[in-house]
Amino acid sequence: MSVSEASILAAMSKVIDPELHVDLVKAGMVKDIRVSGDTVKLKIELTTPACPMKAKIQADSEAALKAVPGLKSFDIEWGAQVRASGGGAPPPGGLLPKVKNIILVGAGKGGVGKSTVAVNLAAALAQHGAKVGLLDADFYGPSIPLMTGLGEKKPVSPDGKSLDPLIAHGMKVMSIGFLVEADQALIWRGPMLHGALMQLVRDVNWGELDYLVLDLPPGTGDVALSLSQSIRAAGAVLVTTPQDVALADVVRAKQMFDKVHIPVLGIVENMSQFVCPNCSHVTPIFNHGGGRKAAEMFGIPFLGEVPLDLKVRVSGDSGVPVVIGAKDSLEAKAFQEVARNIAGRVSAQGAKSMPLPVVQAR
(Lines give C-alpha, C1' and ligand atoms only; values in the text may rest on other atoms or scores of the structure.)
Protein backbone atom coordinates (compact mmCIF):
# COMPACT_ATOMS: atom_id res chain seq x y z
CA MET A 1 0.00 0.00 0.00
CA SER A 2 1.45 3.35 -1.04
CA VAL A 3 1.99 6.11 1.47
CA SER A 4 0.31 9.43 0.73
CA GLU A 5 0.15 12.84 2.35
CA ALA A 6 -3.50 12.16 3.12
CA SER A 7 -2.60 8.99 5.05
CA ILE A 8 -0.02 10.92 7.06
CA LEU A 9 -2.55 13.64 7.87
CA ALA A 10 -5.07 10.99 8.86
CA ALA A 11 -2.56 9.44 11.26
CA MET A 12 -1.54 12.77 12.78
CA SER A 13 -5.17 13.76 13.24
CA LYS A 14 -5.33 11.02 15.88
CA VAL A 15 -2.66 12.74 18.01
CA ILE A 16 -4.18 15.07 20.56
CA ASP A 17 -2.33 18.01 22.09
CA PRO A 18 -2.93 17.51 25.84
CA GLU A 19 -3.00 21.27 26.54
CA LEU A 20 -5.13 22.40 23.60
CA HIS A 21 -7.38 19.30 23.64
CA VAL A 22 -7.42 19.30 19.85
CA ASP A 23 -5.61 17.13 17.31
CA LEU A 24 -2.35 18.31 15.76
CA VAL A 25 -3.78 18.64 12.25
CA LYS A 26 -6.73 20.74 13.30
CA ALA A 27 -4.40 22.85 15.43
CA GLY A 28 -2.27 23.58 12.37
CA MET A 29 0.81 22.08 13.98
CA VAL A 30 1.64 19.61 11.16
CA LYS A 31 3.78 21.28 8.49
CA ASP A 32 5.84 20.51 5.39
CA ILE A 33 4.88 16.89 4.77
CA ARG A 34 7.20 15.36 2.15
CA VAL A 35 6.47 11.78 1.07
CA SER A 36 9.07 9.82 -0.87
CA GLY A 37 8.07 6.23 -1.51
CA ASP A 38 7.84 4.51 1.86
CA THR A 39 9.49 7.33 3.82
CA VAL A 40 8.18 10.66 5.02
CA LYS A 41 9.57 13.85 6.49
CA LEU A 42 7.39 16.36 8.30
CA LYS A 43 7.56 19.21 10.77
CA ILE A 44 5.58 19.52 13.98
CA GLU A 45 5.34 23.13 15.09
CA LEU A 46 4.52 23.42 18.80
CA THR A 47 2.64 26.44 20.11
CA THR A 48 5.50 27.36 22.45
CA PRO A 49 9.18 26.44 22.68
CA ALA A 50 8.55 25.85 26.38
CA CYS A 51 5.92 23.20 25.67
CA PRO A 52 5.40 21.15 28.87
CA MET A 53 3.93 18.19 26.96
CA LYS A 54 6.46 17.82 24.15
CA ALA A 55 7.59 14.36 25.29
CA LYS A 56 4.03 13.00 25.17
CA ILE A 57 3.28 14.67 21.83
CA GLN A 58 6.49 13.19 20.42
CA ALA A 59 5.74 9.69 21.71
CA ASP A 60 2.15 9.81 20.42
CA SER A 61 3.25 11.18 17.03
CA GLU A 62 5.84 8.45 16.57
CA ALA A 63 3.32 5.78 17.54
CA ALA A 64 0.78 7.17 15.05
CA LEU A 65 3.30 7.21 12.21
CA LYS A 66 4.49 3.67 12.94
CA ALA A 67 0.90 2.52 12.44
CA VAL A 68 0.63 3.99 8.91
CA PRO A 69 0.41 1.07 6.41
CA GLY A 70 3.42 0.89 4.12
CA LEU A 71 5.46 3.53 5.98
CA LYS A 72 8.91 2.18 6.78
CA SER A 73 10.70 5.27 8.08
CA PHE A 74 9.95 8.83 9.10
CA ASP A 75 11.80 11.94 10.20
CA ILE A 76 10.13 14.55 12.39
CA GLU A 77 11.55 18.07 12.56
CA TRP A 78 10.48 19.94 15.69
CA GLY A 79 9.84 23.67 15.81
CA ALA A 80 7.76 26.19 17.72
CA GLN A 81 5.75 29.25 16.86
CA VAL A 82 4.18 31.10 19.75
CA ARG A 83 0.66 32.19 18.91
CA ALA A 84 -1.14 35.21 20.22
CA SER A 85 -3.69 34.38 22.86
CA GLY A 86 -7.14 35.87 22.63
CA GLY A 87 -5.94 38.58 24.97
CA GLY A 88 -2.31 38.78 24.04
CA ALA A 89 -2.28 40.82 20.88
CA PRO A 90 -4.45 43.92 20.55
CA PRO A 91 -5.73 44.84 17.11
CA PRO A 92 -3.62 47.18 14.94
CA GLY A 93 -3.29 50.52 16.66
CA GLY A 94 -3.53 48.99 20.13
CA LEU A 95 -1.00 49.60 22.87
CA LEU A 96 1.13 46.54 22.13
CA PRO A 97 0.37 45.35 18.60
CA LYS A 98 3.59 43.30 18.33
CA VAL A 99 3.30 41.52 21.68
CA LYS A 100 1.60 38.15 21.38
CA ASN A 101 0.97 37.31 25.03
CA ILE A 102 0.94 39.43 28.18
CA ILE A 103 1.39 37.51 31.43
CA LEU A 104 0.64 39.28 34.72
CA VAL A 105 2.41 38.05 37.85
CA GLY A 106 0.57 39.13 40.97
CA ALA A 107 0.09 38.37 44.64
CA GLY A 108 -2.44 39.31 47.27
CA LYS A 109 0.29 40.50 49.62
CA GLY A 110 3.95 41.43 49.64
CA GLY A 111 6.82 39.25 50.78
CA VAL A 112 5.90 36.10 48.87
CA GLY A 113 8.66 36.34 46.26
CA LYS A 114 6.49 37.58 43.42
CA SER A 115 9.31 39.47 41.70
CA THR A 116 11.60 36.47 42.03
CA VAL A 117 9.01 34.34 40.27
CA ALA A 118 8.49 36.98 37.56
CA VAL A 119 12.22 37.32 36.81
CA ASN A 120 12.86 33.59 36.71
CA LEU A 121 9.71 32.97 34.65
CA ALA A 122 10.84 35.51 32.04
CA ALA A 123 14.41 34.21 32.02
CA ALA A 124 13.26 30.60 31.71
CA LEU A 125 11.02 31.41 28.74
CA ALA A 126 13.92 33.24 27.10
CA GLN A 127 16.16 30.21 27.70
CA HIS A 128 13.70 28.11 25.72
CA GLY A 129 14.14 30.45 22.76
CA ALA A 130 11.09 32.69 23.14
CA LYS A 131 11.22 36.45 22.60
CA VAL A 132 10.57 37.82 26.07
CA GLY A 133 10.10 41.19 27.74
CA LEU A 134 9.95 41.92 31.48
CA LEU A 135 8.12 45.01 32.75
CA ASP A 136 8.49 46.00 36.39
CA ALA A 137 5.13 47.53 37.27
CA ASP A 138 5.76 47.33 41.03
CA PHE A 139 6.21 51.08 41.35
CA TYR A 140 6.48 51.19 45.14
CA GLY A 141 9.19 48.53 45.29
CA PRO A 142 10.92 48.19 41.91
CA SER A 143 13.38 45.35 42.43
CA ILE A 144 13.83 44.20 38.84
CA PRO A 145 16.90 46.44 38.19
CA LEU A 146 18.76 44.69 41.02
CA MET A 147 17.50 41.20 40.20
CA THR A 148 18.50 41.45 36.52
CA GLY A 149 21.93 42.93 37.24
CA LEU A 150 21.11 46.15 35.40
CA GLY A 151 21.49 48.24 38.54
CA GLU A 152 21.51 51.97 37.86
CA LYS A 153 21.76 51.74 34.07
CA LYS A 154 19.49 54.13 32.21
CA PRO A 155 17.46 53.47 29.06
CA VAL A 156 18.02 55.75 26.09
CA SER A 157 15.51 57.51 23.86
CA PRO A 158 16.43 57.35 20.17
CA ASP A 159 13.83 59.91 19.14
CA GLY A 160 13.06 61.85 22.32
CA LYS A 161 9.60 60.28 22.45
CA SER A 162 10.13 56.59 23.22
CA LEU A 163 12.56 54.50 25.24
CA ASP A 164 14.60 51.49 24.24
CA PRO A 165 14.36 48.75 26.88
CA LEU A 166 17.55 47.46 28.47
CA ILE A 167 18.72 43.93 27.75
CA ALA A 168 19.58 41.31 30.37
CA HIS A 169 19.85 37.52 30.16
CA GLY A 170 18.26 37.41 26.71
CA MET A 171 15.20 39.49 27.58
CA LYS A 172 14.11 43.11 27.21
CA VAL A 173 13.66 44.84 30.56
CA MET A 174 12.00 48.07 31.69
CA SER A 175 11.35 49.39 35.19
CA ILE A 176 10.39 52.65 36.85
CA GLY A 177 13.54 51.99 38.88
CA PHE A 178 15.62 52.94 35.82
CA LEU A 179 13.94 56.35 35.65
CA VAL A 180 14.07 57.56 39.26
CA GLU A 181 16.86 57.83 41.80
CA ALA A 182 17.43 54.69 43.81
CA ASP A 183 16.66 56.39 47.13
CA GLN A 184 13.65 58.34 45.86
CA ALA A 185 10.29 57.38 47.33
CA LEU A 186 7.37 57.35 44.91
CA ILE A 187 4.43 58.99 46.67
CA TRP A 188 1.89 58.81 43.86
CA ARG A 189 -1.85 58.68 43.72
CA GLY A 190 -3.88 56.56 41.34
CA PRO A 191 -3.93 58.89 38.30
CA MET A 192 -0.12 59.32 38.45
CA LEU A 193 0.36 55.57 38.69
CA HIS A 194 -1.90 55.03 35.71
CA GLY A 195 -0.06 57.62 33.62
CA ALA A 196 3.37 56.22 34.45
CA LEU A 197 2.26 52.67 33.77
CA MET A 198 0.81 53.56 30.39
CA GLN A 199 4.05 55.30 29.46
CA LEU A 200 6.08 52.19 30.29
CA VAL A 201 3.69 50.11 28.21
CA ARG A 202 3.05 52.48 25.31
CA ASP A 203 6.28 54.47 25.01
CA VAL A 204 8.80 51.64 25.23
CA ASN A 205 10.09 50.06 22.01
CA TRP A 206 9.25 46.50 22.93
CA GLY A 207 9.28 45.27 19.34
CA GLU A 208 8.07 41.76 18.59
CA LEU A 209 7.64 39.62 21.69
CA ASP A 210 6.20 36.19 22.31
CA TYR A 211 5.68 36.99 25.99
CA LEU A 212 5.69 40.19 28.02
CA VAL A 213 5.85 39.38 31.74
CA LEU A 214 4.51 42.12 34.02
CA ASP A 215 5.56 42.13 37.66
CA LEU A 216 2.57 43.73 39.40
CA PRO A 217 2.63 45.47 42.77
CA PRO A 218 1.22 43.33 45.58
CA GLY A 219 -2.40 43.64 46.56
CA THR A 220 -5.48 44.64 44.61
CA GLY A 221 -4.85 48.31 43.91
CA ASP A 222 -4.91 50.74 41.02
CA VAL A 223 -2.21 49.23 38.80
CA ALA A 224 -3.99 45.95 38.17
CA LEU A 225 -7.23 47.81 37.53
CA SER A 226 -5.52 50.16 35.05
CA LEU A 227 -4.01 47.21 33.22
CA SER A 228 -7.33 45.43 32.92
CA GLN A 229 -8.85 48.54 31.36
CA SER A 230 -6.00 49.26 28.95
CA ILE A 231 -4.54 45.98 27.72
CA ARG A 232 -5.85 42.49 27.13
CA ALA A 233 -3.75 40.07 29.11
CA ALA A 234 -3.39 36.39 28.28
CA GLY A 235 -3.81 35.75 31.98
CA ALA A 236 -2.51 36.22 35.50
CA VAL A 237 -0.26 34.04 37.63
CA LEU A 238 -0.85 34.18 41.38
CA VAL A 239 2.12 33.72 43.69
CA THR A 240 1.70 32.60 47.29
CA THR A 241 3.53 30.97 50.14
CA PRO A 242 2.00 27.99 51.95
CA GLN A 243 0.87 29.63 55.19
CA ASP A 244 -2.77 30.46 55.78
CA VAL A 245 -2.31 34.25 55.98
CA ALA A 246 -0.81 34.34 52.46
CA LEU A 247 -3.47 32.05 51.07
CA ALA A 248 -6.23 34.29 52.43
CA ASP A 249 -4.79 37.12 50.34
CA VAL A 250 -4.69 34.88 47.26
CA VAL A 251 -8.47 34.57 47.57
CA ARG A 252 -8.82 38.35 47.31
CA ALA A 253 -6.40 38.55 44.38
CA LYS A 254 -8.29 35.82 42.52
CA GLN A 255 -11.57 37.63 43.10
CA MET A 256 -10.06 40.88 41.78
CA PHE A 257 -8.90 39.29 38.52
CA ASP A 258 -12.28 37.63 38.12
CA LYS A 259 -14.03 40.98 38.48
CA VAL A 260 -11.87 42.63 35.81
CA HIS A 261 -12.24 39.59 33.50
CA ILE A 262 -8.58 38.57 33.41
CA PRO A 263 -8.25 34.76 33.38
CA VAL A 264 -6.10 33.28 36.14
CA LEU A 265 -3.63 30.84 34.64
CA GLY A 266 -2.89 29.21 37.97
CA ILE A 267 -1.07 29.40 41.30
CA VAL A 268 2.63 29.10 42.13
CA GLU A 269 3.64 28.15 45.67
CA ASN A 270 6.93 29.89 46.44
CA MET A 271 9.15 29.16 49.47
CA SER A 272 7.39 25.83 49.54
CA GLN A 273 9.89 24.01 51.76
CA PHE A 274 13.33 24.84 53.13
CA VAL A 275 16.11 22.61 51.85
CA CYS A 276 19.13 22.52 54.19
CA PRO A 277 22.27 23.34 52.13
CA ASN A 278 24.37 21.03 54.34
CA CYS A 279 22.31 17.86 54.70
CA SER A 280 19.46 18.45 52.17
CA HIS A 281 16.89 17.88 54.91
CA VAL A 282 13.53 19.35 53.93
CA THR A 283 11.64 21.49 56.46
CA PRO A 284 8.17 22.98 55.74
CA ILE A 285 8.87 26.29 57.50
CA PHE A 286 5.72 27.98 56.17
CA ASN A 287 3.66 24.80 56.10
CA HIS A 288 3.32 22.97 52.77
CA GLY A 289 0.70 22.25 50.15
CA GLY A 290 -1.39 25.37 50.68
CA GLY A 291 -0.93 26.57 47.11
CA ARG A 292 -2.15 23.29 45.68
CA LYS A 293 -5.08 23.33 48.09
CA ALA A 294 -6.04 26.86 46.99
CA ALA A 295 -5.79 25.87 43.32
CA GLU A 296 -8.11 22.92 43.94
CA MET A 297 -10.52 25.18 45.81
CA PHE A 298 -10.69 27.62 42.89
CA GLY A 299 -10.65 24.91 40.25
CA ILE A 300 -7.56 26.39 38.55
CA PRO A 301 -4.20 24.76 37.70
CA PHE A 302 -1.46 24.38 40.27
CA LEU A 303 1.60 25.53 38.32
CA GLY A 304 4.29 24.23 40.65
CA GLU A 305 6.16 24.79 43.89
CA VAL A 306 9.58 26.38 44.42
CA PRO A 307 11.64 25.44 47.49
CA LEU A 308 13.17 28.02 49.82
CA ASP A 309 16.92 27.95 49.32
CA LEU A 310 19.85 30.29 49.80
CA LYS A 311 20.73 30.09 46.09
CA VAL A 312 17.53 31.90 45.13
CA ARG A 313 18.30 34.85 47.40
CA VAL A 314 21.95 35.00 46.35
CA SER A 315 21.01 34.85 42.68
CA GLY A 316 18.50 37.67 43.08
CA ASP A 317 20.97 39.90 44.88
CA SER A 318 23.72 39.21 42.35
CA GLY A 319 21.51 40.03 39.38
CA VAL A 320 21.66 36.55 37.83
CA PRO A 321 18.34 34.62 38.03
CA VAL A 322 18.77 31.17 39.52
CA VAL A 323 17.54 29.52 36.30
CA ILE A 324 20.69 30.92 34.69
CA GLY A 325 23.22 31.07 37.53
CA ALA A 326 22.46 27.63 38.98
CA LYS A 327 20.59 25.95 36.13
CA ASP A 328 21.08 22.42 37.48
CA SER A 329 19.77 23.20 40.97
CA LEU A 330 16.43 21.97 42.30
CA GLU A 331 15.24 25.56 42.47
CA ALA A 332 16.11 26.28 38.83
CA LYS A 333 14.40 23.09 37.70
CA ALA A 334 11.32 24.06 39.71
CA PHE A 335 11.18 27.47 38.02
CA GLN A 336 11.66 25.83 34.62
CA GLU A 337 8.73 23.53 35.29
CA VAL A 338 6.61 26.49 36.37
CA ALA A 339 7.56 28.36 33.18
CA ARG A 340 6.64 25.40 30.98
CA ASN A 341 3.32 24.98 32.75
CA ILE A 342 2.52 28.68 32.33
CA ALA A 343 3.46 28.59 28.65
CA GLY A 344 1.16 25.62 28.22
CA ARG A 345 -1.67 27.40 29.97
CA VAL A 346 -1.21 30.48 27.77
CA SER A 347 -1.42 28.28 24.67
CA ALA A 348 -4.54 26.60 26.00
CA GLN A 349 -6.09 29.95 26.87
CA GLY A 350 -5.47 31.18 23.35
CA ALA A 351 -7.01 28.07 21.83
CA LYS A 352 -10.27 28.80 23.65
CA SER A 353 -10.69 32.21 22.10
CA MET A 354 -9.62 31.92 18.48
CA PRO A 355 -10.31 29.61 15.54
CA LEU A 356 -7.51 27.19 14.78
CA PRO A 357 -6.18 26.67 11.26
CA VAL A 358 -6.90 23.45 9.42
CA VAL A 359 -4.28 21.76 7.28
CA GLN A 360 -5.59 20.13 4.12
CA ALA A 361 -3.81 17.50 2.07
CA ARG A 362 -2.45 18.84 -1.19
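R202 is partly exposed, with a relative accessible area of 45%. Its side chain meets that of D203 in a salt bridge, 3.2 Å from N to O. Keep in mind that this is a predicted model.

That pair has company: the count comes to 12 salt bridges. Some of them share partners, and in this way K114, D138 and D215 are joined into one network. Here are three of the pairs:

| Salt bridge | N to O distance |
|---|---|
| D203 and R202 | 3.2 Å |
| K56 and D60 | 3.1 Å |
| E45 and K31 | 3.9 Å |

K56 and D60 are about one helical turn apart, because they sit four residues from each other in helix 2 (residues 54-66). K56 is partly exposed at 40% relative accessible area, and D60 is partly exposed too, at 26%.

The E45 and K31 pair links distant parts of the chain, with E45 in strand 4 (residues 39-46) and K31 in strand 3 (residues 30-36). E45 counts as buried because its relative accessible area is 16%, under the 20% cut-off. K31, at 28%, is partly exposed.

Now for the nonpolar side of things. The largest nonpolar core has 86 residues, and I103, L104, L125, L134, F257 and I342 touch the most other members. Helix 3 (residues 114-127) gives the most to this core, with nine residues. Looking further along the sequence than four places, L104 touches L214, L216, L227, A233, G235, A236, V237, F257 and I262. Apart from this core lies another, of 26 residues, including V3, L24, L46 and C51.

Finally, take E331 in helix 11 (residues 330-353). E331 is buried, with a relative accessible area of 1%. Leaving out residues up to four places away in sequence, E331 touches P307, D309, K311, V312 and V322.

Note on methods:
Residues are numbered from 1 along each chain as its sequence is written. This is a predicted model: local features need pLDDT of at least 70, side-chain atom pairs count only at pLDDT 80 or more; totals for chains, interfaces and linings use all residues. Side-chain values use heavy atoms; hydrogens and water are left out. A nonpolar core is a set of buried Ala, Val, Leu, Ile, Met, Phe, Trp, Tyr and Cys residues joined through side-chain atoms within 4.5 Å. Buried means under 20% relative accessible area, exposed over 50%, partly exposed in between (1.4 Å probe, protein chains only). Helices (H or I, at least four residues) and strands (E, at least two) are DSSP runs, numbered from the N terminus. Contact means heavy atoms within 4.5 Å. A salt bridge is a side-chain nitrogen of Lys or Arg within 4 Å of a carboxyl oxygen of Asp or Glu.
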